[in-house]
Amino acid sequence: MSEVESGERPEKLGIREVAVLAGVSHMTVSRVLNGHPNIRPATRQRVLDVIQQLDFKPNSAARALATQKTQRIGVIVDSSVEFGPTSTLRGLEFAARSGGYSVASVAMQDDANLTPEGAVSHLIAEGVDALCIVAPRSSSVSALRRISIDVPVLVVKAAKDPNFLTVSVDQQLGTTLAVDHLVALGHRDILHLAGPLDWLDARGRERAFHSRIEQWGLRARPIVVGDWTADFGYDYAVGLDGVPEYTAMFIANDEMAFGVVHGFHDRGIRVPEDVSIIGFDDLPLSRHFIPPLTTVTQDFHALGVKAMEVLRAALEGREIPQRSKIPSELVVRSSTAAPRAS
């Protein structure tokens, strides 16, 4: 009769004690705890029965020693102040906790002296099992390619990459929906206010914009490059001479769109009567702005969950989920209308 069957409980509970009582190796117990797929069902059930009967709760440090895994994901966020990156991080953290993982994160812009190399070194020293890069700039991705990293690395970006796992929101779809909406209203002269073009999402939207207006045969105006902030949008709008010739603007994020609408208001330029405005992100404030902002919504929570799904598959030796883009959608509100009569 085993100690479990007799009702006796070992004074010290650990993976090795569970292994003895289940009649398996401690590595088998470790694999069961970590969801390893290559365990015979009968063996897995025997280990789970012992764990349940003992009310065994594995110590994370002991599990790390036994498996050489910390169950921790390192996340580098190029910017912690933007709605999208922070929402993506929350989604990833939610999915990580649900799967028994924890998250250690570093925000690049919180420390002006922190380089991508330094951020990676910091997280590797924390013993992370994998890395995720959220809201990356092209310079950061280039730096990562120069670093030898011995754990799986996922970059949240639209383009495939031979060096990294990737997931993304469909930037091209969102931009196409925005341009098509303006064209359907009758706009033929549209200005794009882009985000900083070192940011991969900003570059993706800018390229998709030019591709779509070329397909429509519209005038290709030089873009204006902003810095994501409402202050930039405001300064741009109040610095214009008179009412713009263009009748619509596609703006790379909602915050800059807020600033433009504010600046136009102070100049006596009406939205949408004189200029229609479309933003990107669908911030919670967008629906309450005056006028409520037409914008592209992105499911950042789903993006974070997808990133964690891919990383877990890589870590647990399962087939990597087929690369997919999280769809984006256009939300039509009052900041867009047919162009003014000429």
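Student: In this predicted model, which residues of α10 meet α9?
Tutor: The model is predicted. From α9, the residues in contact are Q171, Q172, T175, T176, V179, D180 and V183. Their counterparts in α10 are D201, R205, A208, F209, R212, I213 and W216.

Student: How do the residues of the contact of α9 with α10 divide into nonpolar, polar and charged?
Tutor: Charged residues number four, and polar residues also number four. The nonpolar residues, such as V179 in α9 and F209 in α10, come to six.

Student: Are α9 and α10 oblique or roughly parallel to each other?
Tutor: Helix α9 covers residues 171-185 and helix α10 covers residues 200-216. Their axes are 8 Å apart, and the packing angle is about 40°. Angles under 35 degrees would count as roughly parallel, and 65 to 115 as roughly perpendicular. The angle fits neither range, so α9 and α10 are oblique.

Student: Is the crossing of α9 and α10 left-handed or right-handed?
Tutor: The two helices pack at an angle of about 40°. Their crossing is right-handed.

Student: Which strands of its sheet does α10 touch?
Tutor: The sheet has six strands in the order β7-β6-β8-β9-β10-β12, with mixed pairing. Helix α10 packs on it, and its direction makes about 165° with that of β6. The strands touched are β6, β8, β9 and β10.

Student: Which are the edge strands of the mixed sheet?
Tutor: An edge strand pairs on one side only. In the order β7-β6-β8-β9-β10-β12, that description fits β7 (224-225) and β12 (328-331).

Student: How many bridges join β8 to β9?
Tutor: On one side, β8 runs parallel to strand β6 (residues 190-194), with four bridges. There, H192 stands opposite F250 in β8. On the β9 side the strands also run parallel, and A248 has S276 as its bridge partner. The bridges joining β8 to β9 number three.

Student: Which residues of β8 are buried on each side?
Tutor: In a regular strand the side chains alternate between the two faces of the sheet. Strand β8 (residues 248-251) is covered on both faces. One side holds A248 and F250, and the other holds M249 and I251.

Student: What is the order of the strands in the parallel sheet?
Tutor: This sheet is open and has six strands. Its edges are β2 (102-107) and β11 (325-326), each with a single partner strand, so one side of each is left without a neighbour in the sheet. The order is β2-β1-β3-β4-β5-β11.

Student: Which residue in β11 does S168 stand opposite?
Tutor: Strand β5 (residues 165-169) runs parallel to β11, and two bridges join them. The residue opposite S168 is K325.

Student: Which strands does helix α13 touch?
Tutor: Helix α13 (residues 300-315) packs on the sheet, at about 165° to the direction of β5. Helix α6 (residues 83-98) lies across β1 (72-77), β2 and β3 (130-134), at about 160° to β2. For α13, the strands are β1, β3, β4 (153-156), β5 and β11.

Student: Why are α2 and α4 oblique to each other?
Tutor: The axes of helix α2 (residues 15-22) and helix α4 (residues 41-54) come within 9 Å. Roughly perpendicular covers 65 to 115 degrees, and roughly antiparallel needs over 145. The helices are oblique because their axes cross at roughly 120°.

Student: How many charged residues are in the contact of α2 with α4?
Tutor: The crossing is right-handed. V18, L21 and A22 of α2 meet R46, V47, V50, I51 and L54 of α4. Seven of these residues are nonpolar and no polar ones occur, while the charged count is one.

Student: Where is P291, which follows a cis peptide bond?
Tutor: The bond from I290 to P291 is cis, with omega near -5°. Another cis bond runs from V271 to P272, with omega near 10°, and P272 is in the loop between α12 (254-267) and β9. The place of P291 is the loop between β9 and β10.

Student: Is D282, with its positive phi, buried or exposed?
Tutor: D281, in strand β9, has a positive phi near 125° and counts as buried at 11% relative accessibility. D282 is in the loop between β9 and β10, with a phi of about 60°. The cut-off for buried is under 20% relative accessible area. D282 has 12%, so D282 is buried.

Methods:
Residues are numbered from 1 along each chain as its sequence is written. This is a predicted model: local features need pLDDT of at least 70, side-chain atom pairs count only at pLDDT 80 or more; totals for chains, interfaces and linings use all residues. Side-chain values use heavy atoms; hydrogens and water are left out. Two strands pair if DSSP finds at least two bridges between them. Contact means heavy atoms within 4.5 Å. Axes are lines fitted to C-alpha atoms, for helices over the stretch in contact, and angles run from 0 to 180 degrees between N-to-C directions. A crossing is left-handed if the near helix is turned anticlockwise from the far one by less than a right angle, and right-handed if clockwise. Buried means under 20% relative accessible area, exposed over 50%, partly exposed in between (1.4 Å probe, protein chains only).
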